[in-house]
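Colleague: Could you take me through the enclosed spaces in this model, slowly and residue by residue? Once those are clear, I'd be glad to hear about the open pocket and the strands and helices as well.

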Amino acid sequence: MYKYDDFDHAFVAERVEQFREQVARRLSGDLTEDEFKPLRLMNGLYLQLHAYMLRVAIPYGLLSSTQLRKLAQIARTYDRGYGHFTTRQNIQFNWPRLEDTPDILEELASVEMHAIQTSGNCIRNVTADQYAGVDPEEIDDSRVWSELIRQWSSLHPEFSFLPRKFKIAVTGSPHDRTAVKFHDIGLILKRSDDGEVGFEVLVGGGLGRTPMIGRTVREFLPKDYLLSYLEAILRVYNQLGRRDNKYKARIKILVHETGIEELRDLVEAEWSQMKEEGIDLPHAELARVRAFFTDPEYADLPDHDQYLQVKQFENPIFGRWMRANVAPHKKPGYAVANISLKPVGGAPGDATAAQMEAVADLADKYSFGELRVAHEQNLVFADVRKADLYALWKELDDIQLGTPNLGLISDIISCPGLDYCSLANARSIPVAQRIQRRFADIKRQFDIGGLTLNISGCINACGHHHAGHIGILGVDRKGEEYYQLTLGGSADENAAIGKIVGPAFSSAEIVDAVETVVETYLKVRNEGEPFIETYRRLGQTPFKTALFEEKQHAAA
């Protein structure tokens, strides 16, 4: 993984001291909250419903065990003993005191971490495939390109004050695990007919109050031109993006209003001029960054492990964990092990300090001291020997992290909602917990099969509800919490925006409504047909009819 050089260390240390002075001025009254707000946001500090929230950057979701231990220490010392992993592969602390935040940033700097550009109208944390570097099908390692973009974009003088926040995702695999089509810029690594590696470039994706799927602005961009082409897009956006209305300031609105053809012409014209100026990606710089992402020292192992087969037969729960949470690895004898942060009744994405410390120890023991954060708010060990999977699962199960539910209905993406967020209209976490309990039977979850369920507490869509096969959006009705259902969303390579199904449901009704949708699916599916395929085949009608009948029955 990438290691700081002298410049990086000095830069982050200076930023910490700058913020320490700014906090002191705020506490003394020399700065008003309005004056302090842009300063704290540039350091990832939000003011939420009850307290400040600090968002810490985890570039492209990659963590060392040392860094995770530091996050655990911060959670225990400065927060309430836990952290919340987010859909941008970051971690949030929900209860720090303002006067402690400079010390937290100093602690982070000691392990090469920071909170810079996790907020504000700038290029945010670049997200990547959590299986990058180990997926047998990938074209190239998306971490390399994400790190290049991170270094290029950090405090870029032209893009420090964009019309709105800006999000970039990179995927190198045919199966998209990054929601690349729902980003301001999405980069899909591809190989041309003559074998050259490059990118399909998408622009204008996003969720929020106007969800849109990104449009292809360039079918194939040779890899050497990545940074100059990104800069051309950002220049056009910086010049033409709306600044008079924050709800119309995202690049997706510019794409919608301008049209993808005209925008493409503007970008290509800007890029053509930049190429003449010699703005390009130096090969030496690409080689320097790529050197940080070499393979660990894999052993030569047989790909089949008889002991593993026996343990799956002897322990059905472990067998289910193998089916749901373990993915193929490019190296024979190894596997990718996903750690669900969605135990039944837990807050999705939360991990206690004790769990983080235990996971750090397990990373050292089983996965070369590294782990990844997935945008689904789970953790990943990317390099586990197949012979160690049973022992790893046993130790995970001891700390309540052995749940075999990855990609199943209880593996819920959820924002913090009204329990924390001042923008939220309704609670998200309690609804997620009630749904988890309703579908707690793991046999039933496996019978239902792959199904994504996402919950947002407001229209800002931090829980990606538009992209869930089943989406739940919290709304306010005269001071009461209600929930809209959407169906048919998808965040993968076949991205789709879910459609609203009928009227909103009360807090008391929403779990039953989800149950009705699931039971309807089980009645109308073809054998072996996943939920999303059934929905695409039949549309809303059977689900809408069943929900309407349930409403009528409840009213009677």
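Modeller: Happy to! A search of the whole structure, which is a predicted model, turns up two cavities of 30 Å³ or more.

Let's start with the largest cavity, which holds about 40 Å³ of space. Its lining is made of Val12, Arg15, Val16, Asn43, Leu105, His114, Ala115 and Ile116. Helix 1, spanning residues 6–28, gives the largest share of that lining, with three residues. If you sort the lining of the largest cavity by class, you get five nonpolar residues, two polar and one charged.

The second largest cavity has about 30 Å³ of space. Around it you will find Gln48, Leu49, His50, Ala51, Asn94, Trp95 and Tyr420. Here the classes come out as four nonpolar and three polar, with no charged residue.

Next, the strands. Five of them make an open sheet in the order 1-2-5-4-13, and the pairing is antiparallel. Its edges are strand 1 (45–47) and strand 13 (350–352), each of which pairs on one side only. From one strand to the next, the twist averages 30 degrees. Inside this sheet, strand 2 (residues 52–56) and strand 5 (residues 91–93) run antiparallel and are joined by three bridges. One pair to pick out on your screen is arginine 55 with its bridge partner in strand 5, glutamine 92. Helix 2, residues 33–41, lies across strand 1 and strand 2, and runs at about 140 degrees to strand 1.

Now to the open pocket I think you had in mind. The second largest pocket has a volume of about 1,000 Å³. It is lined by 42 residues, and the closest to its centre are His175, Arg177, Glu376, Gly407 and Thr452. Among the elements that each supply at least two residues of this lining are helix 11 (316–325), strand 11 (326–328) and strand 17 (453–456). For anyone thinking about polarity, the lining of this pocket divides into 18 nonpolar, 15 polar and nine charged residues.

Glu376 from that central group is a good cue to look at a hairpin. Strand 14 and strand 15 form it, with five residues between them, and glutamine 377 in the turn has a positive phi of about 75 degrees. The two strands run antiparallel and are joined by two bridges, with strand 15 covering residues 379–385. Across this pairing, arginine 372 has valine 380 of strand 15 as its bridge partner. Strand 14 (residues 370–373) is also joined by three bridges to strand 3 (residues 62–64), again running antiparallel. There, leucine 63 stands opposite leucine 371 of strand 14.

Finally, a helix pair worth rotating into view. Helix 5 (residues 142–153) packs with helix 9 (residues 283–290) at an angle of about 115 degrees, their axes being 9 Å apart. This crossing of helix 5 and helix 9 is right-handed. On the helix 5 side, the contact is made by Val144, Trp145, Glu147, Leu148 and Gln151, while helix 9 brings Glu285, Leu286, Arg288, Val289 and Arg290. Taken by class, the contact of helix 5 with helix 9 has five nonpolar residues, one polar and four charged.

Note on methods:
Residues are numbered from 1 along each chain as its sequence is written. This is a predicted model: local features need pLDDT of at least 70, side-chain atom pairs count only at pLDDT 80 or more; totals for chains, interfaces and linings use all residues. Side-chain values use heavy atoms; hydrogens and water are left out. Axes are lines fitted to C-alpha atoms, for helices over the stretch in contact, and angles run from 0 to 180 degrees between N-to-C directions. Helices (H or I, at least four residues) and strands (E, at least two) are DSSP runs, numbered from the N terminus. A crossing is left-handed if the near helix is turned anticlockwise from the far one by less than a right angle, and right-handed if clockwise. Contact means heavy atoms within 4.5 Å. Ala, Val, Leu, Ile, Met, Phe, Trp, Tyr, Cys and Pro count as nonpolar, Asp, Glu, Lys and Arg as charged, and the others, Gly among them, as polar. Two strands pair if DSSP finds at least two bridges between them. On a 1 Å grid over the protein atoms alone, a cavity is a set of points where a 1.4 Å probe fits but cannot get out, and a pocket is an open set with protein on both sides within 12 Å along at least five of seven lines; lining residues have an atom within 4 Å of a point. Grid points are joined across faces, edges and corners, and a volume is the space filled by probe spheres set on the points.
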